[in-house]
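Reader: Could you walk me through how to read a few features of a structure, one at a time? I'd like the general idea and then the case in hand.

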Amino acid sequence: MNRKGRTSLPSKYVLMGLTLVCVMLLFASYATGYSGEPVRSISNYIFVPMQKGLDYVGDIISINSNDTKTKEQLIAENEQLQKKIDELSSQITTTRLEQSELDTLQELYELDKQYSSYKKTGARVIGRGSNNWFDTFTINKGSSSGIKKGMNVIAGSGLVGIVTDVGKNHAVVRSIIDDTNNVSGMVLSTDDNCIVSGSLKYMTSSNMITFSGLEDKNNKVSVGDSIVTSNISNQYLPGLLIGYVSEISNDTNKLTKSGKLTPVADFKHLQDVLVILDMKETGK
Amino acid sequence: MEMKTILKQVMVVFILIVVCYLMQTTIFPHLELAGVVPNFLVILTTSLGLMRGTKYGMGVGFTCGLVADFFSGSLFGIYILIYLYIGFLSGLFKKLFYGDDLKLPLALIGTCDIVYGLIIYGIWFLVRKQFAFGYYFIHVIMPEAVYTVLVSIFLYYIILKINQWFDKDEKRSRRDLV
């Protein structure tokens, strides 16, 4: 099919034929969710092993670019971090006290711990998507490690994305900053729901994504509030941190608010991620 | 053409596609400039289409699209369609192809990459009411085209050498037959 043989078939007919094949594939994939399974196994044996190897080369390059920080920069950064450590350790002590109080109260009310530890598995990012428009990446674990379509992916403390495609030894993850991605979110302090949408435009210009449809009648949500995944989302587990509100404004309808938030996960330097093996039960 | 030479060419082109795809997804994301990664698959499809004609271009485009579709996680077949047409269109310029001249290939690769960007914008962004076309053009389409053209200066010579080798090989096999 893909080589010039001894045929005298004019190439426009070949083009028409192949176009037809593609259109049929598109319809099939739209209607049934088919994504080229039989041919796909090729990718497991050719691309994934090589991507795993080449990933190390890429790592070496990126480490080298980190090495170029000057001494002054490092000292300044160190000071900053030291300050942050002091700040955080004082926070931890108060949080511990609150936690123990919460535990006793929960015991009293006989509530299950809602956000108790999910089962997770670590995975490595071995490849990026093939174009600059979407933010997808490939990880080195697939169905053989128990990964399924729709599982949530986190890194550090923040939500990174959702598994959209699974092979035997790899899986494709669409990140939350991808322009086509939407997450149902919730402001942690007020429990108000909103929709968090990825944005190529704001991500490249200011490292932020957008949220919209926030009902905040009492004007309590302010810059710096954390936004987590909501309990009404049908794809994402509740309580995963997405990011912090960095801009907020009233919509023209005067009922809802929208704005931008800074995601917590560092999408520029993703290397290791955690896939949450528990999935949201939606009763479907 | 003899079966053996055809098989040899298929193998070589397939290896080229694999190498290009791997460069594009594993190494070059670490070397991104202005937040973009060059599009190796467009370089490959366009240059082989230009050197060897429409059918060849379509074949390479089809395979490149297939590979891109494997890992795209969206509708299966959409990249095949895009790369197929890129291969076909660049194949139409075969008549104008003269070995070492760099101007036409580079212009064609740049144009194809811009067209590729416009198609992606049209399919996935315009339909979702992302009307800030100027922004996307300046921050995604143009940088990608410039970076791609830069990389293709080097890659083109490699592909050109491979093309000359194919030509010699075909001639030799024809002579053997006679």
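Author: Let's start with helix 5 of chain B, bearing in mind that this is a predicted model. Helix 5 of chain B has 23 residues, and its first and last C-alpha atoms are 32 Å apart, close to the 33 Å expected at 1.5 Å a residue.

Reader: Which residues of helix 5 of chain B are buried?

Author: The general idea first: an α-helix has 3.6 residues a turn, so residues three or four places apart point the same way. In this case the buried ones are P105(B), L108(B), I109(B), C112(B), D113(B), Y116(B), G117(B), I120(B) and F125(B).

Reader: And helix 1 of chain B: what should its 25 residues span?

Author: You multiply the rise per residue by one less than the number of residues. Helix 1 of chain B, residues 3-27, should therefore span 36 Å at 1.5 Å a residue, and the 35 Å between its end C-alpha atoms agrees with that. Its buried residues are Q9(B), V13(B), L16(B), I17(B), C20(B), Y21(B), L22(B), Q24(B), T25(B) and T26(B).

Reader: How do I read the packing of helix 1 of chain B and helix 2 of chain B: at what angle do their axes cross?

Author: Look at the approach and the angle together. The axes of helix 1 and helix 2 (residues 40-52) of chain B come within 8 Å and cross at roughly 150 degrees. An angle over 145 degrees counts as roughly antiparallel, so that is how helix 1 and helix 2 of chain B run relative to each other.

Reader: Which residues meet there?

Author: From helix 1 of chain B you have V13(B), L16(B), I17(B), C20(B), Y21(B), M23(B) and Q24(B), and they meet F40(B), L41(B), L44(B) and L48(B) of helix 2 of chain B. By class, this contact has 10 nonpolar residues, one polar and no charged.

Reader: On to the two chains. How is the size of an interface usually put?

Author: The size of an interface is often given as the accessible area lost when the parts come together. Here we can count residues in contact: 50 of chain B with 47 of chain A. On the chain B side, the elements giving two or more residues are helix 1, helix 3 (54-70), helix 4 (78-91), helix 5 and helix 6 (133-177). Helix 3 of chain B gives the largest share, 12 residues. By class, that side has 32 nonpolar, 15 polar and three charged residues.

Reader: Can you show me one residue that touches the other chain? Where is G77(B)?

Author: G77(B) sits in the loop between helix 3 and helix 4 of chain B. Setting aside neighbours within four places in sequence, G77(B) is in contact with C22(A), L25(A), L26(A) and S29(A), and also with D69(B).

Reader: Why does G77(B) count as buried?

Author: Burial is a neighbour count, with a cut-off of 20 or more other C-beta atoms within 10 Å. G77(B) counts as buried because it has 25 C-beta neighbours inside 10 Å.

Reader: Now chain A. What is its make-up in helices and strands?

Author: Chain A has four helices and 12 strands. Buried residues make up 31% of its 284 residues. The domain assignment gives domain 1 (33-68 + 118-279) and domain 2 (73-113), with C-alpha centres 25 Å apart.

Reader: How do I spot a residue that links distant parts of the sequence? Take V228(A): which residues does it touch?

Author: Compare separation along the chain with distance in space. V228(A), in strand 9 (residues 226-229) of chain A, is 40 residues from L188(A) in sequence, yet their C-alpha atoms are 6.3 Å apart. Not counting residues up to four places away, V228(A) touches G185(A), M186(A), L188(A), G239(A), L240(A), L241(A) and I242(A). V228(A) is buried, with 22 other C-beta atoms within 10 Å.

Reader: What about the reverse: how far is E107(A) from N132(A)?

Author: They are 25 residues apart along the chain, and 50 Å separates their C-alpha atoms. E107(A) belongs to helix 3 (residues 71-109) of chain A, and E107(A) is exposed, with 9 other C-beta atoms within 10 Å.

Reader: Last one, backbone angles. Where does D191(A) lie?

Author: D191(A) lies in the loop between strand 6 (182-187) and strand 7 (193-197) of chain A. Its phi is near 60 degrees, a positive value in a residue other than glycine. N207(A) also has phi near 60 degrees, and N207(A) lies in the loop between helix 4 (200-206) and strand 8 (209-214) of chain A. D191(A) is exposed, whereas N207(A) is partly exposed.

Note on methods
Residues numbered from 1 in each chain as written. Chains lettered and ligands numbered in written order. Predicted model: local features only at pLDDT ≥ 70, side-chain atom pairs only at ≥ 80, totals over all residues. Buried ≥ 20, exposed ≤ 12 C-beta atoms within 10 Å, placed from the backbone. Axes fitted to C-alpha atoms, helices over the stretch in contact; angles between N-to-C directions. Parallel < 35°, antiparallel > 145°, perpendicular 65-115°, else oblique. Contact = placed C-beta atoms within 7 Å. Nonpolar A, V, L, I, M, F, W, Y, C, P; charged D, E, K, R; others polar. Domains from an automatic or database assignment.
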